[in-house]
Amino acid sequence: MSIPTRRRVGLAAAAFAVATGGALATSGAALPLSKSPVPAYAGVKPKVGARGNEGREILSAFQQFYGARSAPGNIAPGAYTAAYEHVKHMPVANTIWTEVTTKPYNGDAPGYRDLVASNSSGGTGYVSGRITGLAVDGKWIYAGGAEGGVFRSSNEGKTWTPISDKLPALATGDLQVAPDHSLWIATGEANFGDGLGSGVYRLAKPQTGVFDASMRVGGKELESHAVGKLEFDPEANTVLVATTRGVYIHALNVTTGAWSRTLAPVSGPSLNATSNIAHDVVVQPGTKGKRILASLGWRGGADYNGFYLSTDAGRHWARTTMSGAINNDDIGPANMAYSADGKKLYIVMQSPELFNDFTAATTLGGIYVSNNGNLTGPYALAANSLKLANSGSAQAADVIGPGYGPGVQAWYNRFIKVDPANPKHVYVGLEEVYETFDAGTTWKAVGRYWNFGFDCWSFLDAENTCDGNVVHPDQHSVAIGNGRLYAGNDGGLYSRSLAKNTTSWTSLAKSGQLRTLQYYSVGVGKVPGGVAVWGGLQDNGVSLLSPRDADMVSPFGGDGGDQIVDKNNGCRTVGEYVYLHLQMTTNCGATDGSVAAIKDIDPLDPNPQFIAPIAADSVDPNYWVAGGQYIYGNGKTWASTTGADWDQIGDTGDYLDDLFHSATSIASQDHVVWAGWCGSCSSSTFLSGIATTAGTGELHQASNVVVNRGPGAKLPNRYVSGVTIDKRDPSGKTAYAIYNGFSAHWVEGPGAGIGHVFRTTDGGKTWYDVSGSPSAVDSLPDVPATHMAITPRHTLILTTDVGVFESTGNGKWKRTGTSFPYTIATDVRVGPDGFTYIATYGRGIWKMPTR
């Protein structure tokens, strides 16, 4: 049986097909619904990317997201402070912001169970965005979104309050309650994720207060860093942080004074973006705070990879040899956890050797235990991937298929936690959550990936007999308190009792108030009773918010990319999965699973971006464009039936060299097409440009000459994240190019240039920088810009990594309101209802009256 290539999508249909001996439905033909009489995935090879390559897809996602902001070099400390200070003094255009995505988001909504595209009925329930920091102090729960900041709850998630919206960076690396009950946030997500930080902050009274920028501990030393662990050492009166640039130390009882970097083994010419990455640091109990172990390493292997030991409270370090089962020649990123009595130390570690083996079904090196609590061992192997697979895991080869074993993404998702009341009771988070009560002799998968593939599963809720031991995949953060385990993952936050035979989890996102959803895109169209709001999400599919549903629902599973929505019929949408894999529905994706509601119209491009651009023509509603290595047009639009309905307009890679280029942005006006591209898209050999059909009708390379920035000025060699055509020029020759990344002042690579928004009026022969004078208070802040829309009143609305800004195109900019959080805004669309919608990568979707 052939299964389409996608991630986390449609395996329910594959399960049904195998169980019944049938094939996948590709039309509206009805299928019978029944429980699977045999293991649903037995003998089924999962989708490429759905399983075996999913870890590579996540890697591609983060490379694109971070690369767009850093290429062609690394970001220097100070960039976010400078931007934050600039924004505070900018003129403000008053507006009223309203948060749109405040309904609960139900990933298991029964009315949206397309056989191929949906993950509904898998068991994840209510979800939110990735939670990368967790802390519990009595009844108070603090949850940190990957890009959404910190939320507080005192009633087990029934209500949540954001408490860090005033910080200049909302990316969460770690969250800890100090011995004095103050709350510390280390900003900058360190799961090889997306967001850089602005430092560490301390909130003295977290039960009632909110963070602000004045609460930063130290100076700008930790800007542009990400933090994997914040560790208090009260006996030494210090706090340590494991960051992407080494281990730093600071006094615990004061917030002034600089952080000191005491561990960074790589320096000089060998130093690069993969150097000195520290993942965890742990203090050995009973040593007066003097003996500390740190884990450093690059996922693919590097000379500095290893464990480092300090015997003087973190002031000096030396690489140490681990004894016992740990292979000192294959040490990768690791997390560590002590038992409360200090007599056992547990480690979960990724293997660079397996990471570099593209045939391996896992990257997990192992779970290890030092039974005497000694930092250097000897260590015993408590579990490997196979042992975990045999623990009731949904990732067992005879359930999910080969190629996707437990720990396949151990470079990305890991946690480990010991029950403070029982040194043998341990939880490990990888893609799933595992539990042992005997220090690793036996394990049980207590937070399965999903229910698909098990005999208990059915499309029909009434016939689904699976227990509740399912959480959203990809675990990142963990805490224990109130007799419960709290697990943060790509789908939000779940909790369960610590009792031995617990068989269910509670989603703490069920209220809809843990508002950390990470959107790549937004689209809006009219439906009876109002508008339908669609959005493509990181690892949470494509969401639909409509007047007819009490909850937000997920007609498309997996990752959601760019989006086209019919403004006059909001139930018609094209949603990108990833890599330009396009899917279309004309009925909002509504189905109980008996008929197909979503069509596959993938153009099968050979070299698309992870999130590739698609767009509807701004003049002709019966024309779409899409971009990968090739630029495509589609004149059949809502009558499309297959990917063959896309026609090639041109090749982005034909212009300057033999590298494969790939479109990063696209727009069309009356069939005049503009597209930004990169190629190579890696920071070491980064190259970008703009292609257009303006003036010639054939796709050609636009010039990079900038005429208002002095002799020899050129467009920046940075990621072109947006192109917007000005409809006031019917020829399509007037367009804007939107550049991601920071300027040359903060980026160390050549060609970074200055400016973020450029305009051409002659079809790309010349360009004008309309970002404003860098020293002027009404210029744009020097931060990554993502997309831009032009309203009917000709106002430019620009999304950036620190919010939303507007201009009339004269080079003078205003901050659009003051109530929008300092988070990454990724997309902007002018809706048909008098509102302009903004997608954010961490705080959901917002709207304001169209200006």
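Two strands count as paired if DSSP finds at least two bridges between them, and on that basis four strands of this predicted model form an open sheet in the order S48-S49-S50-S51, with antiparallel pairing. The protein as a whole comes to six helices and 58 strands, and its radius of gyration of 26 Å agrees with the value near 29 Å that a compact globule of 851 residues would have. The points below take up the overall form, the open sheet, the internal cavities and one buried threonine.

**Overall form**

- Taken along the principal axes, the box filled by the C-alpha atoms of the protein is roughly 75 × 65 × 50 Å.
- Of the 851 residues in the protein, 65% are buried, where buried stands for a relative accessible area under 20%.
- When contacts between residues at least 6 apart in sequence are considered, 58% of them join residues that are at least 24 apart.

**The open sheet**

- The edges of the sheet are strand S48, covering residues 720-725, and strand S51, covering residues 768-769, each of which pairs on one side only.
- Strand S48 is joined by five bridges to strand S49, which spans residues 735-739, and these two strands run antiparallel.
- Within this part of the sheet, Val723 stands opposite Ala737, the latter being a residue of S49.

**Internal cavities**

- Rolling a probe the size of a water molecule over the atoms shows where empty space is left.
- In this protein the count comes to six cavities of 30 Å³ or more, and the largest cavity holds about 220 Å³ of space.
- The lining of the largest cavity is made up of 20 residues, and those that lie nearest its centre are Asn119, Thr124, His472, Asp539 and Gly558.
- Sorted by class, the lining of the largest cavity has 13 polar residues, five nonpolar residues and two charged residues.

**Thr436 and its surroundings**

- Thr436 belongs to strand S26, which runs over residues 433-436.
- The relative accessible area of Thr436 is 1%, and because the cut-off for a buried residue is under 20%, Thr436 counts as buried.
- Leaving aside residues up to four places away in sequence, Thr436 touches Lys424, His425 and Val426, and also Thr441, Thr442 and Trp443.
- Thr436 and Thr101 are 335 residues apart along the chain, and their C-alpha atoms are separated by 38 Å.

Definitions and conventions:
Residues are numbered from 1 along each chain as its sequence is written. This is a predicted model: local features need pLDDT of at least 70, side-chain atom pairs count only at pLDDT 80 or more; totals for chains, interfaces and linings use all residues. Side-chain values use heavy atoms; hydrogens and water are left out. On a 1 Å grid over the protein atoms alone, a cavity is a set of points where a 1.4 Å probe fits but cannot get out, and a pocket is an open set with protein on both sides within 12 Å along at least five of seven lines; lining residues have an atom within 4 Å of a point. Grid points are joined across faces, edges and corners, and a volume is the space filled by probe spheres set on the points. Ala, Val, Leu, Ile, Met, Phe, Trp, Tyr, Cys and Pro count as nonpolar, Asp, Glu, Lys and Arg as charged, and the others, Gly among them, as polar. The radius of gyration is taken over C-alpha atoms; the globule rule is 2.2 Å times the number of residues to the power 0.38. Buried means under 20% relative accessible area, exposed over 50%, partly exposed in between (1.4 Å probe, protein chains only). Contact means heavy atoms within 4.5 Å.
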